[in-house]
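This briefing concerns a single protein model and the way its parts pack together. Please view the sequence and structure below before reading the points that follow.

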Amino acid sequence: MRGGAVTRDYPRRDSRIALGVLALAFITILIGGALAGLFAAGAGDIAGALAAFDPYLLRVARFTLWQAALSTLLSVLPAIFVARALARHPAFPGRAFILQLFAVPLALPALVAALGVLSLYGRAGYFAGILSSIGGSDWPGIYGLSGILVAHVFFNLPLATRLCLESLQTIPADQWRLASQLGMGPGAAFRLIEGPALRQALPGIAGLVFMLCVTSFTIVLTLGGGPAASTLEVAIYQALRFDFDPARAVALTLLQIGLTAIVVALLARLGADMTGDASLPVAPRRYIANSAAGTALDVILILAALAFVAGPMAATVASGLEADLARLAGEASVRKAAATSIVLAVVSAVLAAALSLALAMARRALTLGREGGRRPLLAFFTDTGAGFVLVVPPIVIGAGWFLVLRHLGDAFAAAPVMVAAVNAVMAMPFAIRAVRPAYDAASERHERLAAQLGIAGWTRFRLIDWPALRRPLATAFAFAMALSLGDLGVIALFGSDQVQTLPYLLLARMGSYRTQDAAGLALLLGLVCLLLVFAADWLGKERNP
């Protein structure tokens, strides 16, 4: 019997709903407190906030949209052809490895990827000599818009390729069989079969990539190279940490929130997957014959994409191995930053998993208790609460609380609490994807029996829910921990000599031109984050043995 049939038998008072309310309260206080701090700062200096809407702010907003649009175009357009090449050759040598490699950028901290790009294309990078020979003068490096675009394409080309390939692999085999029988060529097949499938998915894919680029902070901070290539989030950080101009920070933040809200609303209408997950089916499809020229072009496209994605990874590893890793491991500052990062990441991951589970449990309980098909407001919030954090980026939450805490004492002393709390909430959209399906499935099987036996609360969780949730919660924990370990957003505002994480220390070493040390730290940080994400992926695949 289906779990939905228990609506009249299930008790009105459910501890799961209370837990969901507590989770929503935590999210509301975190985001609402930040917004309240921003509005209070703006109200205290209305003239300054209004004056901040000057040509500089408009130029920063214009650059934010311009770099996001260019990054989206340069990521999605090649991804269409790379995905089509991979789809046309399901037996391509190393195809499975290529797809796994294309998942790696999603797991790399942005700071590590930025350092990999610099190791390849920077003024002292591996390709500097070749680029100098081509240009006829010394290669100036890749800072500015060009560096931002290269790093964004490195992250988003593999993501867009996987999502496009997923769309192409949903085409029924019967269509390919019919196309083969009709003698349809590659051009006609693209126009009549592949094109419609891609057109349906492309708005959501492009919107997702655009959103990721609009809210990009670390890439622009490290590769922007100055005020001429600054986005809204970086300008907020600069207004607080360097200029200490709260009025300008408020104006920038309001513009950032408005811009992000518009993008998220459009993505919701387009049905985009906000977490960027792409689970690729492996069932082979029947394809029409490929010409020799078409096959050669497909091979070139796949190899070029592979080289572009693998290059910064290989450069990161090579540069990291050139560093004195033993000396780095022995430095007290590195050990302290590593310990701080691990502790904060563990706290953040536990909190993210707990909040996600609380929302999933409350949503399920409210769904079972509804009558007449009505959806109460609380059920709506438990269903979408994790997505609200997408509208307010981490740097905005950090900016709001920075303005609040400076009136209450030493804002930098609150760094551990702010980093753990914000990173936990930012990981929730990913964590809840792992937890909610497993909890709903367990409830579907056991809800009526638990209600009839009167098993609820901790006893129900320990005996009924926990066996089904161990792996999903471990998946959520590992992924949230990886995200927290590599995050630079909040710690960039609250970091100090007393509280440093590995990304903060890495950025400091880059700023002081200790590039070899930065490369070594990047290698260590990247490896740990990759191991965590691969563990999360393995746990997710093994969830249903």
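Leaving aside its neighbours within four places in sequence, which residues is L30 in contact with? In this predicted model, the contacts of L30 beyond that sequence window are I397, W401, M418, A421, V422 and V425. L30 is also listed among the residues with the most contacts inside the largest nonpolar core, and it takes part in the meeting of helices α1 and α17.

**Nonpolar cores**
- The largest nonpolar core comprises 149 residues.
- Within this core, the residues with the most contacts are L30, I397, W401, M418, F494 and L506.
- Helix α3 (residues 55–88) gives the most to this core, contributing 13 residues.
- Another core, of 13 residues, lies apart from it and includes L357, A360, M361 and A434.

**Packing of α1 against α17**
- Helix α1 spans residues 15–44 and helix α17 spans residues 394–405.
- The two helices pack at an angle of about 60 degrees, and their axes are 7 Å apart.
- Because of that angle, α1 is oblique to α17.
- The crossing in which α1 passes α17 is left-handed.
- On the α1 side, the residues that meet α17 are I29, L30, I31, G33, A34, G37, L38 and A41.
- On the α17 side, their counterparts are V396, I397, A399, G400, W401, L403 and V404.
- By residue type, the contact of α1 with α17 holds 12 nonpolar residues, three polar and no charged.

**Helix α21**
- Helix α21 covers residues 502–511, and eight of its 10 residues are buried, so this helix is largely enclosed by the rest of the structure.
- The buried residues of α21 are L502, P503, Y504, L505, L506, L507, R509 and M510.
- One of them, L506, is also among the residues with the most contacts inside the largest nonpolar core.
- α21 is followed by Y513, which has a positive phi, near 60 degrees.

**Surroundings of L149**
- L149 belongs to helix α7, which runs over residues 145–168.
- With a relative accessibility of 12%, L149 counts as buried, because the cut-off for that class is under 20%.
- Setting aside neighbours within four places in sequence, L149 is in contact with Q67, L70, S71 and L74.
- L149 and S75 are 74 residues apart in sequence, yet their C-alpha atoms are 9.1 Å apart in space.

Conventions
Residues numbered from 1 in each chain as written. Predicted model: local features only at pLDDT ≥ 70, side-chain atom pairs only at ≥ 80, totals over all residues. Heavy atoms only, no water. Axes fitted to C-alpha atoms, helices over the stretch in contact; angles between N-to-C directions. Helix = DSSP H or I, 4+ residues; strand = E, 2+ residues; numbered from the N terminus. Parallel < 35°, antiparallel > 145°, perpendicular 65-115°, else oblique. Left-handed = near helix turned anticlockwise from the far one by under 90°. Contact = heavy atoms within 4.5 Å. Nonpolar A, V, L, I, M, F, W, Y, C, P; charged D, E, K, R; others polar. Buried < 20%, exposed > 50% of the residue type's maximum accessible area, 1.4 Å probe, protein only. Core = buried A, V, L, I, M, F, W, Y, C linked by side-chain atoms within 4.5 Å.
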